[in-house]
Amino acid sequence: MALRTRIVLGTAGILAVAIVTGLSVAYFVVRGELRGEIDRSLVAFAQPFVRRASPRAKALRNAKAASGKATSTLGGARGYFQFVTADGKTRLAPSEQVHLPVGQARAVAQGKRSAYFADTTVNGITVRVYTVQIRAGLALEVTRPLTEVDHALDRIGLLFLLISAGAVGGAAGLGFVVSRATLRPVTRLTEDAERIATTRNLRDRTDESHPAELGRLAAAFNMTLDALTDSVSAQRQLIADASHELRTPLTSARTNLEVLGRHDELPGATRDGILAEAIDELAEMTRLIDELVELARGDAQAFEFSPTRLDLVAKDAVASAARRSGAQIQLDTSPTIVSGSADALMSAVANLLDNAAKWSPPGAPIEVHVDAGAVSVRDHGPGIAADDLPHVFDRFYRATEARTLPGSGLGLAIVKQVVTAHGGTVTAAPADGGGALFVLTLPEL
């Protein structure tokens with residue numbers, strides 16, 4: 001069911017319930033008032049008989065006097081009455097022949113029951129009967145037809161029904177108008193989303209100048225498009241940069257292999273040198289592909305976090321880096337626990353150590369300090385130029401001095417990606433006394 005239809009039906013349904021409830025209450029209030037007026041008139045009609053408390057002969061004279069007023073069927077609006085004795089016999093006023101149902105009137109005459117009102121049917125006419133004791137052994141039944149009241153209530157009920165139907169119809173129309181006005185921004189947002197999906201123009205945006213929630217929805221949609229645009233741009237840039245980086249070692253390796261294939265007469269030493277160079281280029285390309293895979297996996301996967309001893313992770317990374325590079329690494333740690341993935345953090349610290357080993361001069365130590373959720377790695381190399389400092393964590397960025405060194409420019413990008421996924425920060429700065437200082441900081445448990 002469409003949202004607009006649900007709004008219309010919901011509006012009409014709520015108003016219908018409110019109207020029906022209100023009119024039902026009004027109907028029963030009016031009904032109570034009309035029947036209350038009948039009851040009051042019956043009590044007033046009986047009062048003269050009750051006040052006089054006369055003997056039988058006098059009560060009959062009062063009945064004869066009142067009978068002159070009861071000229072219409074069952075007394076009409078003036079009322080109709082009969083006497084009921086303790087033994088259940090009835091006495092009518094002169095010229096009257098219609099006997100009322102005795103019911104509990106005998107008990108009233110005997111004093112066993114108090115006065116009461118009741119509805120009954122006499123000769124096909126619904127009447128209201130008031131029964132009261134006027135003296136010991138004699139009760140009076142006074143009645144008035146309810147025909148006029150019932151007709152009035154029927155007219156009122158029909159009128160209320162028509163009002164309800166009209167009000168519900170009006171509510172449906174009002175709900176339709178309101179739904180159109182309310183959903184117009186949603187319709188425009190839907191059309192914008194469909195247009196963007198069709199044209200694939202991620203730079204297109206929808207209008208945010210809507211009130212309250214719809215404005216927030218449009219803003220959220222635009223923010224989603226911004227994030228998607230940035231993601232697509234980053235993917236395209238990654239592909240372009242990766243293609244550029246892969247082209248160099250691939251071209252060099254291909255050239256060397258072609259030289260080997262065309263010149264069989266090359267000396268053995270020359271051939272071995274060309275082959276070794278080709279193998280190095282292929283190894284560099286393999287390393288680049290591995291780093292690209294790790295970078296792409298980090299963008300897509302959600303790390304499984306658990307309490308992790310960061311000092312132990314750093315200790316393992318230092319041992320592995322020392323074996324690979326042969327660098328002298330000084331480690332100073334204090335127990336510190338963070339929430340994270342041990343493997344991912346191991347990769348981040350290892351990349352920091354590889355970067356430090358690449359820049360450290362032979363024999364110069366690399367200083368690693370771990371404490372309070374932070375890992376600092378300091379080398380004694382040439383440091384970081386001021387122009388390069390804002391870009392050291394960018395993908396494929398390589399300083400001018402680094403372009404002659406092995407590496408792809410992805411190691412520090414991987415570090416930043418891992419640290420950001422763990423809710424931490426990583427910074428780079430020139431170290432006091434020369435060299436570079438990298439600090440990886442994570443929330444400590």
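Me: In which helix is Ala276 found?

Reply: This is a predicted model. Ala276 is found in helix H6, which covers residues 268–300.

Me: Is Ala276 buried or exposed?

Reply: Buried means under 20% relative accessible area, and exposed means over 50%. Ala276 has a relative accessible area of 37%, so this residue is partly exposed.

Me: What separation is there between the C-alpha atoms of Ala276 and Ala253?

Reply: The two C-alpha atoms are separated by 9.8 Å. Along the chain, Ala276 and Ala253 are 23 residues apart.

Me: Now the sheet. What is the order of the strands in the open sheet of 5 strands?

Reply: Read across the sheet, the order is E2-E1-E5-E4-E3, and the pairing is antiparallel. Strand E2 (90–92) and strand E3 (116–122) stand at the edges. Each has a single partner strand, so one side of each lacks a neighbour in the sheet. From one strand to the next, the twist averages 30 degrees.

Me: Over how many bridges do E1 and E2 pair?

Reply: Strand E1 (residues 80–85) pairs with E2 over 3 bridges, in the antiparallel sense. Take one residue, Val84: its bridge partner in E2 is Thr90.

Me: What is the sign of phi at Asn123, and where is this residue found?

Reply: Phi of Asn123 is positive, near 50 degrees, and the residue is not glycine. Asn123 sits in the loop between E3 and strand E4 (125–135). With a relative accessible area of 63%, Asn123 is exposed.

Me: Where does Ala372 lie?

Reply: Ala372 lies in the loop between strand E9 (366–371) and strand E10 (374–378). Its phi is positive, about 55 degrees, although Ala372 is not a glycine. At 43% relative accessibility, Ala372 counts as partly exposed.

Definitions and conventions: Residues are numbered from 1 along each chain as its sequence is written. This is a predicted model: local features need pLDDT of at least 70, side-chain atom pairs count only at pLDDT 80 or more; totals for chains, interfaces and linings use all residues. Side-chain values use heavy atoms; hydrogens and water are left out. Helices (H or I, at least four residues) and strands (E, at least two) are DSSP runs, numbered from the N terminus. Buried means under 20% relative accessible area, exposed over 50%, partly exposed in between (1.4 Å probe, protein chains only). Two strands pair if DSSP finds at least two bridges between them. Axes are lines fitted to C-alpha atoms, for helices over the stretch in contact, and angles run from 0 to 180 degrees between N-to-C directions.
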